[in-house]
Amino acid sequence: MSQITDLIHGTSCTLVIPGIMVAGSAVLCVYRQMTEDQSDLPLTGFLATIMFSMLPLMALKAKIWSCSDRVSLVPMVLVKTLLMHLALEVLRVVSQTMEGWNSIVRNRANFSFDCFMLVMALTALRMCFEIPMTPSYFWDHRDVRNLVGMAIAVALVSEIFFTMIMPGDNTRRAAAGIKLSSVLFAAANNVDVIGFMPVVWRLYQAENALDDFAVGTMVSMEARQQVKVFFAFVISFYAWDDVIEPIWSLIDEPVGMMAHAAHFIMLIDFAGFFLFQVNTPTTAKERGEQLQGLLDEDAQDDP
């Protein structure tokens, strides 16, 4: 079993699964575009969104694998990704609340899950990562702040375009006008797509500076616990979004369910790869990989 794990996560084979999942998602998107008619549920844009959300994970895995000091090259992966998902859940909860009580009752399962995961994100950041729950702290994460702002801006432009400029056959949507709840919900979907982008951007920009990092610090038990909490949150989040929720919402759309499954498989593969890198350094020197940097958000954060 250990040899199989080494083959999957310790060699160039580690990029096979992400490549297959991304290629499969692209094929599903093209297939749906070519076969979709007016009576079908419009899924082409949705499938493209899932495919684009997989690209940051693939880029992140490729960069970590290609660098000798792999784990230390992701000093903010835990905190920044949790902050992105916190913003995502805030946007979802606020948008559903603005739709009114009837909408909440009708979608009570999704609303309850989003509220639960919002509380879990706040709890993990405060109790496990010891993050100060202050507006100034969140505002200091410039890359997270800018990406969330861009996601909201893109959602607003999209809502204006499809409501006022090109409503198409959706006369009811055009008559209702621009709804803030719809803008926020679309923004949440955009944040979901770029949830791992702050980490990818930081990796590719900071590689030269990180090459000078000292090695030799042993991974603490606290750090290992934080890694486990992080992946427990992320996998729970996407287990709902990619597995449980599509079972009843897309049960008649196998193409959509396959796209969700590809995304979830890729996430599980990345989690296994990251944990492998944390727990199985390739040399004695790498046993001191800089997991402290994963947690030292103040030292590594943007000015």
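A nonpolar patch on the surface of this predicted model is formed by Leu-156, Phe-161, Phe-162, Met-164, Ile-165 and Ile-178, which together have about 570 Å² of accessible area. One of these residues, Leu-156, lies in helix H8, which covers residues 142-165, and with a relative accessibility of 38% this leucine counts as partly exposed. As for the surface as a whole, the protein chain exposes about 15,400 Å², and carbon and sulfur atoms supply 65% of that area.

The secondary structure of the chain comes to 15 helices and 0 strands. Of its 303 residues, 45% count as buried. When contacts between residues at least 6 apart in sequence are considered, 81% of them join residues that are at least 24 apart.

Two pairs of residues illustrate how separate stretches of the chain are placed relative to each other. Met-258 has its place in helix H13 and counts as partly exposed because its relative accessibility is 44%; its C-alpha atom is separated by 8.2 Å from that of Ser-25, although the two residues are 233 residues apart along the chain. Ala-232, in turn, lies in helix H12 and is likewise partly exposed, with a relative accessible area of 42%. Between Ala-232 and Ala-271 the C-alpha to C-alpha separation is 9.7 Å, while in sequence the two alanines are 39 residues apart.

Charged side chains are paired in 7 salt bridges across the structure, and among them is a network that links Arg-32, Glu-36 and Glu-253. Arg-32 lies in helix H2, which spans residues 16-35, and its relative accessibility of 8% is under the 20% cut-off, so this arginine counts as buried. Apart from its neighbours within four places in sequence, Arg-32 is in contact with Asp-40, Leu-41, Leu-43, Thr-44, Leu-47 and Glu-253.

Within this network, the side chain of Arg-32 meets that of Glu-36 in a salt bridge with an N to O distance of 3.0 Å. The two partners of this bridge are not equally covered, for Glu-36 counts as partly exposed at 27% relative accessibility, whereas Arg-32 is buried at 8%. A further salt bridge joins the side chains of Glu-253 and Arg-32, again with an N to O distance of 3.0 Å. Because Glu-253 lies in the loop between helix H12 (221-249) and helix H13 (254-279), while Arg-32 belongs to helix H2, this pair ties together parts of the chain that are 221 residues apart in sequence. Here both partners, Glu-253 and Arg-32, are buried.

Another salt bridge is formed by Arg-92 and Asp-114, whose closest N and O atoms are 3.3 Å apart. This pair links distant parts of the chain, since Arg-92 is found in helix H4 (residues 77-98) and Asp-114 in helix H6 (residues 108-128), with their positions 22 residues apart in sequence. Arg-92 counts as buried because its relative accessibility is 8%, and Asp-114 is also buried, its relative accessible area being 4%.

The search for enclosed space gave 1 cavity of 30 Å³ or more, and the volume of the largest cavity is about 30 Å³. Its lining consists of Ser-53, Leu-57, Asp-192, Val-193, Gly-195, Phe-196, Tyr-238 and His-263. Helix H3 (44-66) and helix H10 (180-193) each supply at least two residues of this lining.

A local feature of the backbone is found at Glu-130, where phi is near 55°, a positive value in a residue other than glycine. In general, most residues other than glycine have a negative phi. Glu-130 has its place in the loop between H6 and helix H7 (135-140), and because its relative accessible area of 54% is over the 50% cut-off, this glutamate is exposed.

Methods. Residues are numbered from 1 along each chain as its sequence is written. This is a predicted model: local features need pLDDT of at least 70, side-chain atom pairs count only at pLDDT 80 or more; totals for chains, interfaces and linings use all residues. Side-chain values use heavy atoms; hydrogens and water are left out. Patches are made of residues with over 30% relative accessible area and no salt bridge: like charges are joined within 9 Å, nonpolar side chains (Val, Leu, Ile, Met, Phe, Trp, Tyr) within 5 Å. Accessible areas come from the Shrake-Rupley method with a 1.4 Å probe; for residues, only the protein chains shown count as cover. A salt bridge is a side-chain nitrogen of Lys or Arg within 4 Å of a carboxyl oxygen of Asp or Glu. Helices (H or I, at least four residues) and strands (E, at least two) are DSSP runs, numbered from the N terminus. Buried means under 20% relative accessible area, exposed over 50%, partly exposed in between (1.4 Å probe, protein chains only). Contact means heavy atoms within 4.5 Å. On a 1 Å grid over the protein atoms alone, a cavity is a set of points where a 1.4 Å probe fits but cannot get out, and a pocket is an open set with protein on both sides within 12 Å along at least five of seven lines; lining residues have an atom within 4 Å of a point. Grid points are joined across faces, edges and corners, and a volume is the space filled by probe spheres set on the points.
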